[in-house]
Amino acid sequence: MPEGSGWDWNVLAWDGGRFRLAEGADITCHHDLDLTFTNPAFVCRPADFEDPVFRTVTSEELPALARRFGGCPPVVVAFEADAGGVDPVTCLVAAERLDIVQGTVLRYWREDMVPGRGFAPWVRPPAE
């Protein structure tokens with residue numbers, strides 16, 4: 001996982017085949033980190049969270065997931081996050097695969113696109 005944590009996070013997609021998170025300094029305009037979990041077997045997180053701190057899965061968490069799913073999932077990501085309460089909450093995601101993409105992804109249309117940037121899937125030119 002990338003070092004450090006970002007404050008603003010949101011869920012870009014969550015369906016049967018993928019769970020996709022995005023992070024950015026100003027998530028209303030763009031995001032800079034995209035985590036896509038393919039074939040998620042287990043997702044435990046609050047509805048909204050901020051400032052996750054990623055960590056190694058504990059010796060208690062991994063066997064519990066292995067018992068639940070009949071074997072160790074190929075990818076397990078653990079983090080503590082601010083969910084608005086007094087203490088951070090523990091979050092776990094187990095999946096078949098994790099793809100990490102870093103780079104600016106705009107969440108609004110822009111004619112003069114700078115090389116190395118992309119658009120979020122829902123952004124379309126004004127004519128469309």
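Two strands pair if DSSP finds at least two bridges between them. Strands here are DSSP runs of E with at least two residues, helices are runs of H or I with at least four, and both are numbered from the N terminus. The structure is a predicted model, where local features need pLDDT of at least 70, side-chain atom pairs count only at pLDDT 80 or more, and totals for chains, interfaces and linings use all residues. Residues are numbered from 1 along each chain as its sequence is written, and side-chain values use heavy atoms, with hydrogens and water left out.

**Exercise 1. Describe how β2 pairs with β3.**

Solution.
Step 1. Count the bridges: six join β2 to β3.
Step 2. Give the direction: the two strands run antiparallel.
Step 3. Look at the link: β2 and β3 form a hairpin, with five residues between them.
Step 4. Pick out one pair: Glu23 stands opposite Leu33 in β3.

**Exercise 2. List the order of the elements along the chain.**

Solution.
Step 1. Take the counts: the chain has one helix and seven strands.
Step 2. Read from the N terminus: the order is β-β-β-β-α-β-β-β.

**Exercise 3. Find the strands that pair with β6, and say in which sense each one runs.**

Solution.
Step 1. Start with β3: it is joined to β6 by 12 bridges, and the two run antiparallel.
Step 2. Name partners: Pro40 has Ala95 as its bridge partner in β6, and Val43 has Val93.
Step 3. Go on to β5: seven bridges join it to β6, again antiparallel. Ala81 has Val89 as its bridge partner in β6.
Step 4. Check the turn: the hairpin of β5 and β6 has six residues between the strands, and Gly84 there takes a positive phi near 95 degrees.
Step 5. End with β7 (residues 118-119): it pairs with β6 in the parallel sense, over two bridges. Val105 stands opposite Gly118 in β7.
Step 6. Recall a general point: side chains in a regular strand alternate between the two faces of the sheet.

**Exercise 4. Locate the nonpolar cores and say which elements build the largest one.**

Solution.
Step 1. Fix the terms. Buried means under 20% relative accessible area, exposed means over 50%, and partly exposed lies in between (1.4 Å probe, protein chains only). A nonpolar core is a set of buried Ala, Val, Leu, Ile, Met, Phe, Trp, Tyr and Cys residues joined through side-chain atoms within 4.5 Å.
Step 2. Size the largest core: it has 15 residues. Those with the most contacts inside it are Trp9, Leu21, Leu35, Phe37 and Phe79.
Step 3. Name the elements that give two or more residues to this core: β2 (18-24), β3 (30-44), β5 (75-82) and β6 (89-106).
Step 4. Find the largest share: β5 gives four residues.
Step 5. Add the second, separate core: it has six residues, including Phe42, Val57, Leu65 and Ala94.

**Exercise 5. Compile the contacts of Leu21, Asn10 and Val11.**

Solution.
Step 1. Set the rule: contact means heavy atoms within 4.5 Å. For Leu21, neighbours within four places in sequence are left aside.
Step 2. Take Leu21: its contacts include Trp9, Asn10, Val11, Leu33 and Phe49.
Step 3. Take Asn10, which sits in strand β1 (residues 8-15). Under the rule of leaving aside neighbours within four places, it is in contact with Arg20, Leu21, Ala22, Ile27 and Arg107.
Step 4. Take Val11, also in strand β1. Not counting residues up to four places away, Val11 touches Phe19, Arg20, Leu21 and Arg45.

**Exercise 6. Classify Asn10, Val11 and Pro126 as buried, partly exposed or exposed.**

Solution.
Step 1. Asn10 has a relative accessible area of 26%, so it is partly exposed.
Step 2. Val11 stands at 29% relative accessibility, so it too counts as partly exposed.
Step 3. Pro126 lies in the segment after β7. Its relative accessible area is 66%, so Pro126 is exposed.
Step 4. Check the surroundings of Pro126: it touches Trp109 and Glu111, not counting residues up to four places away in sequence. The C-alpha atoms of Pro126 and Trp109 are 7.5 Å apart, with their places 17 residues apart in sequence.

**Exercise 7. Sum up the whole chain.**

Solution.
Step 1. Box: the C-alpha atoms fill roughly 50 × 35 × 25 Å along the principal axes.
Step 2. Burial: 34% of the 128 residues count as buried.
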